[in-house]
Every structure is written in structure tokens, then in C-alpha cells.
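Here is a short briefing to read alongside the model. Please keep the sequence and the 3D view open as you go through the bullets.

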Amino acid sequence: MSKLRLMVVDDERDNLDLLYRTFRRDFQVHRADSPLDAIALLDTEGEMAVIITDQSMPEMTGLELLSKARVRFPHTIGILLTGYSEDALDASPDMMNKANVFKCISKPFDTQDLKALVQTAAEIYQTNKQSA
């Protein structure tokens with residue numbers, strides 16, 4: 001069975017590398033260092049099971065990126081990383097729902113907790129795809 005596809009998006013190289021190393025054994029990991037690169041990756045690679053994205057980035061927020069991804073790929077599960085708790089709190093529940101945000105995680109994060117969370121998100125994705 002082929003690995004599910006996971007996209008990690010962060011404008012900080014160290015975070016991007018950490019996320020890649022954390023998930024490369026269990027997922028086919030695609031990296032983007034900006035929201036525009038992430039959209040370009042979606043254009044070329046297609047649907048991802050899970051997108052982990054930083055909230056605060058140039059060009060657009062993680063919520064905006066997840067909203068754009070959900071329009072094209074409604075089954076993709078989004079996980080939002082934030083360095084500041086107010087980033088997520090500023091977003092309305094409607095915006096969080098529109099972006100299909102499964103969980104909001106504060107940086108720094110525990111990699112084992114994040115791995116468990118992503119595994120749960122991947123299972124939800126698979127269930128949703130099978131029942132679609």
C-alpha cells in the first residue's frame with residue numbers, strides 16, 4: 001500500500017526540515033516554504049491527505065491557504081501551527097470550519113503528540129474518502 005501524501009508548509013526552514021524528518025517514514029511528504037509554493041504544489045501534485053501549515057506567513061495566512069485547498073480538495077485535513085495563541089483565536093469558528101482545520105497546535109510542539117494527531121487526521125481522511 002502506498003503512503004498517504006502529507007504537505008508541510010512553513011516559511012522557517014528549520015521548522016520545515018523538522019516536520020519533514022518527523023513524517024518522512026510514514027507519509028510521502030511534500031514541502032513548501034510559502035503559501036504560493038504550496039498552491040503550486042497542489043496544482044502539480046494534486047490532493048494531499050493532510051496539510052500542516054504555519055499560520056503566520058507572508059502572502060497569506062495558513063487559514064487562507066487551507067481554505068483555498070479545501071475548495072479544490074474537500075477531504076484534505078488541515079492542521080494549523082501557530083507561534084502565538086492569538087493567531088488562532090482571531091479566526092472565527094466559521095473561518096476555521098471553512099478551512100477544515102482539524103486542530104490548532106502551538107509552537108513549539110511535541111513531535112510525538114503531533115505524530116499521533118496527524119495519524120488520527122490521516123485515518124479521518126481515509127474514512128471520508130471511502131464514504132464519498
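A polar contact here is a pair of N or O atoms within 3.5 Å; within protein, one must be able to donate a hydrogen and the other to accept it, and residues adjacent in sequence count only if both atoms are side-chain atoms. One such pair sits at the start of helix α6, where a side-chain oxygen of Asp110 comes within 3.1 Å of the backbone nitrogen of Gln112. This is a predicted model, in which local features need pLDDT of at least 70 and side-chain atom pairs count only at pLDDT 80 or more, while totals for chains, interfaces and linings use all residues. Residues are numbered from 1 along each chain as its sequence is written, and side-chain values use heavy atoms, with hydrogens and water left out.

**Terms used below**
- Helices (H or I, at least four residues) and strands (E, at least two) are DSSP runs, numbered from the N terminus.
- Buried means under 20% relative accessible area, exposed means over 50%, and partly exposed is in between (1.4 Å probe, protein chains only).
- Contact, or touching, means heavy atoms within 4.5 Å.

**Helix α6**
- Helix α6 covers residues 111-131, and at 1.5 Å a residue its 21 residues should span 30 Å (the expected span is 1.5 Å times one less than the number of residues). The C-alpha atoms at its ends are 30 Å apart, which agrees.
- The buried residues of α6 are Leu114, Leu117, Val118, Ala121, Ala122 and Tyr125. They cover an arc of only 145° around the axis (taken from the directions from the helix axis to the C-beta atoms), so they lie on the same side of α6.
- Turned away from that buried side is a face with the exposed residues Gln112, Asp113, Gln130 and Ser131.
- The cover over the buried residues of α6 includes β1 (5-9), α1 (13-23), β3 (50-54), β4 (77-82) and β5 (101-106).
- Val118 has 0% relative accessibility and counts as buried. Beyond residues up to four places away in sequence, Val118 touches Leu6, Phe23, Phe27, Val50, Ile52 and Ile79.
- Val118 and Phe102 are 16 residues apart along the chain, with their C-alpha atoms separated by 9.6 Å.

**Strand β1 and its partner**
- Five of the five residues of β1 are buried, so this strand is largely enclosed by the rest of the structure.
- In a regular strand the side chains alternate between the two faces of the sheet. In β1, Arg5, Met7 and Val9 point one way while Leu6 and Val8 point the other way, and all are buried.
- β1 and β2 (residues 28-32) run parallel and are joined by five bridges (two strands pair if DSSP finds at least two bridges between them). One pairing puts Val9 with Ala32 of β2.
- Arg5 in β1 is buried, with a relative accessible area of 18%. Its side chain reaches the backbone oxygen of Glu45 at 2.3 Å.
- Setting aside neighbours within four places in sequence, Arg5 has contacts that include Gln28, His30, Gly46 and Val50.

**Helix α2**
- In α2 (residues 35-45), Pro35, Ala38, Leu41 and Leu42 are buried. Their arc of only 110° around the axis puts them on the same side of α2.
- Those buried residues pack against β1, β2, β3 and α3 (62-72), whereas the face of α2 turned away from the buried side carries the exposed residues Asp43 and Thr44.
- Gly46 follows α2 and has a positive phi, near 90°.

**Strands β3 and β4**
- Six of the six residues of β4 are buried, leaving the strand mostly covered. Ile77, Ile79 and Leu81 point one way from β4, and Gly78, Leu80 and Thr82 point the other way.
- β3 and β4 run parallel, joined by five bridges, with Ile51 opposite Gly78 in β4.
- Leu81 is buried, with a relative accessible area of 0%. Leu81 and Thr53 are 28 residues apart in sequence, and 5.9 Å apart in space from C-alpha to C-alpha.

**The annotated residue**
- Asp54 lies in strand β3 and is buried, with a relative accessible area of 3%.
- An unreviewed UniProt entry annotates Asp54 as "modified residue: 4-aspartylphosphate". UniProt positions are given in the numbering used here, feature names are shortened, and annotations may be inferred rather than shown by experiment.
- Leaving out residues up to four places away in sequence, Asp54 touches Val9, Asp10, Asp11, Gly62, Leu80, Leu81, Thr82 and Lys107.
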